[in-house]
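Trainee: Got a minute? I'd like to go through this structure with you.
Mentor: Sure, put it up and ask away.

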Amino acid sequence: MIIFEYLADLFGAIPAAFISGILPIAFVVPYALFAVYWERKVSAHMQDRLGPMRTGWHGYLQTIADILKLIQKEDIVATAVDKPLFNLAPILVFAGSYAAFAAIPFSSAYIGANVDLGMLYIIAVSGLVVAGILMAGWASNNKYSLIGAVRSAAQIVSYEIPTVIVILTLFSIVGTLNLYELSEIQSSNIFNWMIFGGNVIGWKKIVLIPLMFAAFIIIYLTTLAEVNRTPFDIPEAESELVAGYHTEYSGMKFAMFFLAEYANMFAVSAIVATLFLGGYHSPFGYLGNLLGISWLVPVEQFFWFTFKGLGFVTVQMWLRWTLPRLRVDQLMTVCWKYLIPLSFVIFLLVSLLMVL
Amino acid sequence: MNLYDIIFYLFAAVTLVSATFVVFTKNVIYAAYNLLLTLFGIAGLYILLGADFIGIVQLIIYVGGILILLLFGVMLTNKITDVQIKTGVLQVIPASVAVGMLAGILILIMTNMSWRDFGLSTPDKTIGGLGTLLMNEYIIIFELLGMLLLIALIGAANIARK
Amino acid sequence: MKQYISNIYSALITVFIGMKITFKHLFTPAVTIQYPDVRVALPGRVRNRLYVNMDDCIGCDQCARACPVSCIAIETVKSLPGEDLGKTSNGKKKALWVTKFDIDIAKCCYCQLCVFPCPTECIYMTDVYEFSEFEREKLVYSFTTLSKNEAIEKKQNFEKFEAEKAAQKAAPKPPAPETPSTNPQ
């Protein structure tokens, strides 16, 4: 917001819109570099290993080396693939996951597009990811890819239902779909966070807290499933499907998928953080307010935002190295028999509470 | 020609070109993906008209739901049963007559209708008003649609059980 | 219904138990050894690369005969009567020039069978285990102390000596021979 206005003053409205549209990529790419390294380190230490240690101090240059390797690799396109779709799929997947960043408020000074239907928009563009995954799986002309893609689509489409219902629950409390406004509602106090019932006051808040905790767990699980992470990673199950829908990809196209996966991980973590844990708001108040330096507050907010997002990404990794993979039928059982009814119950109870 | 017009023509071009491809391509998968582009273009046009809710719902329902289902079905049948699904040209004369009549009606309406003209302005929040309308004036239609969907769901479950 | 709720409960609880375990492992020291920098201490009687102490070798060929994979190749030349080859460390007199003592370590199966028959304990296994090479020929280790020219020279010497002896035998009355009549071996 403030950043956009500043840029608009500098260059005019249209270039400013372009620049502020590109800004998230300046965040996503370094984040992905870090997250790949972080995942390798976390997984290694959880298995009593050390992980990458050679490239740089404790291997901190490892991902850069990996990226260099991927850039140099030959771009292999098998003869039996459907070339236009095969080449388009990674772009579509990345576009879908990157488009979600447009409506996420990074701090009170920056949001890509302050649209009124922010959350709904994010749900809509995540449909593009599914289309891209199906495209990749089909165009590869490989049975593992196709099975992986079909599984992935089935999983994402099923798990979208509890996600949307939980989001609906939340918005029946606050009455806005705009993530920026939602973040502002959760300001000033840790007990204003949605997980503690938001800005509702009185006895209703006490009743809301357990419901909100349950909703939080449900949405965390469903977003985990939507980004195809363990324990819901049957689309990429290495032991059965080689690598799922990106089996046939190599070089930069594989890197695109990789980047999209990690961008998606952060996007859903950031959404969960925005929905339930106050978005970019600090739990303790701001140093900038204390010292009277006004520009420090957005910086701090950005720090808290990335802190929460990365924290949830870390929990995703933690879960990955803790839980085994679910079978397809177990996956559907979890979704249709547990998460959807529970989210409906929560939705009904919360709506009732808000009407009272 | 201002920026608004440029964006409008961009979305219109995307919609039209991809719709043409949907009709003329022989490959069903290509048709489906071009349909995605078409729907995307239409959603863009909706949003450009200030109907952001309709645009986004278009994306959620058509791209996220129906198109995925379509692709799902085509992919599973095409690859697994080894039947090449291709489109062909059948019944040229009746089809062109029907399409010609439809096009005539559309053009007639387009030229004779007195279109309402709205000034360019940033749209207000649409979702609140929409919700109020749905829950007050059109509540019966809304509920009936819900019933319809429920019946369809039960029917599908019933067929699947047999 | 009771089953349903207990399923939810156990699912949640078991996830948290698992997460607790992995969290503990996050802080246990890693078992990885940073190999070239840190090495595991080898046990005292490891069998790795063979080494031959040529000062002690008498060229008896017993190790080559014991080798099950024939990775040791020894060629010897008898010394001339006047030459003194010295003694081994356990007091055996050396009588043969060892012109070739090649061990093809690529063939070696590290059975240590060559070590036991050695009368002077000059062939033994060391604890060196990093000796990979880019060319297979480099894995043939030559232990002989004689250079190529020296080996040829010794061979020629011996042949000359043999020829002289044969000539002596053929000639009925040789004049005073410088070499002693007793021929070793």
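**Contacts between chains and cavities**

Mentor: Start with chain A and chain C: there is 1 salt bridge between them. Keep in mind that this is a predicted model.

Trainee: Which residues make the salt bridge between chain A and chain C?

Mentor: A:Arg54 pairs with C:Asp37. Their closest N and O atoms are 3.2 Å apart. A:Arg54 sits in the loop between α2 (13–46) and α3 (62–72) of chain A. C:Asp37 is in the loop between α1 (2–26) and β1 (50–52) of chain C.

Trainee: Why would two side chains like that pair up?

Mentor: Side chains of opposite charge can pair when their charged atoms come close. Here the N-to-O distance between A:Arg54 and C:Asp37 is 3.2 Å, and the cut-off is 4 Å, so the pair counts as a salt bridge.

Trainee: How many salt bridges are there over all chains?

Mentor: The whole structure has 10.

Trainee: Back to chains A and C. How many residue pairs are in polar contact there?

Mentor: 10 pairs, with both residues at pLDDT 80 or more. On the chain A side, α2, α12 (296–320) and α13 (328–355) each supply at least two residues. The largest share comes from α13(A), with 4 residues. By class, that side of chain A has 13 nonpolar, 2 polar and 4 charged residues.

Trainee: How many residues touch in all, and what area is buried between chain A and chain C?

Mentor: 19 residues of chain A contact 20 residues of chain C. The two chains bury about 1600 Å² between them. Carbon and sulfur atoms carry 64% of that area.

Trainee: Now chain B. Which pair of chains shares the most contacts?

Mentor: Chains A and B, out of 2 pairs of chains in contact. Chain B gives 23 residues to that contact and chain A gives 25.

Trainee: Where does that leave chain B and chain C?

Mentor: They do not touch. The nearest C-alpha atoms of chain B and chain C are 23 Å apart.

Trainee: What area is buried between chain B and chain A, and what share comes from carbon and sulfur?

Mentor: About 2200 Å², with 81% of it from carbon and sulfur atoms.

Trainee: And how many salt bridges and polar contacts cross that interface?

Mentor: The salt bridge count for chain B and chain A is 0. Residue pairs in polar contact come to 2, both residues being at pLDDT 80 or more.

Trainee: Which elements of chain B do the touching?

Mentor: α2 (28–48) and α3 (52–80) of chain B each give two or more residues to the side that touches chain A. α3(B) has the largest share, 13 residues. The classes on that side are 16 nonpolar, 4 polar and 3 charged.

Trainee: Different topic: cavities. How many are there of 30 Å³ or more?

Mentor: There are 4. The largest holds about 230 Å³ of space. The second largest has a volume of about 90 Å³.

Trainee: What lines the largest one?

Mentor: 19 residues. Nearest its centre are A:Ile122, A:Ser126, A:Glu226, A:Val268 and A:Ile271. Five helices of chain A each supply at least two lining residues: α4 (83–99), α5 (118–139), α6 (143–174), α8 (203–226) and α10 (251–276). α5(A) gives the most, with 5 residues.

Trainee: How does that lining divide by class?

Mentor: Into 11 nonpolar, 6 polar and 2 charged residues.

Trainee: And what lines the second largest cavity?

Mentor: Its lining residues include A:Val93, A:Val129, A:Glu226, A:Glu236, A:Tyr245 and A:Glu261. α5 and α10 of chain A each give two or more residues. α10(A) has the largest share, 4 residues. The class count is 7 nonpolar, 2 polar and 3 charged.

Trainee: Last one: C:Leu96. Where is it?

Mentor: In strand β3 of chain C, residues 96–104.

Trainee: What does C:Leu96 contact, leaving aside neighbours within four places in sequence?

Mentor: C:Ile58, C:Gly59, C:Thr76, C:Val77, C:Lys78 and C:Leu85.

Trainee: And how far apart are C:Leu96 and C:Lys148?

Mentor: They are 52 residues apart in sequence. In space, C-alpha to C-alpha, C:Leu96 and C:Lys148 are 16 Å apart.

Key: Residues are numbered from 1 along each chain as its sequence is written. Chains are lettered from A and ligands numbered from 1 in the order in which they are written. This is a predicted model: local features need pLDDT of at least 70, side-chain atom pairs count only at pLDDT 80 or more; totals for chains, interfaces and linings use all residues. Side-chain values use heavy atoms; hydrogens and water are left out. Contact means heavy atoms within 4.5 Å. Buried area is the accessible area (1.4 Å probe) that two parts lose on being put together, summed over both. A salt bridge is a side-chain nitrogen of Lys or Arg within 4 Å of a carboxyl oxygen of Asp or Glu. A polar contact is a pair of N or O atoms within 3.5 Å; within protein, one must be able to donate a hydrogen and the other to accept it, and residues adjacent in sequence count only if both atoms are side-chain atoms. Ala, Val, Leu, Ile, Met, Phe, Trp, Tyr, Cys and Pro count as nonpolar, Asp, Glu, Lys and Arg as charged, and the others, Gly among them, as polar. On a 1 Å grid over the protein atoms alone, a cavity is a set of points where a 1.4 Å probe fits but cannot get out, and a pocket is an open set with protein on both sides within 12 Å along at least five of seven lines; lining residues have an atom within 4 Å of a point. Grid points are joined across faces, edges and corners, and a volume is the space filled by probe spheres set on the points.
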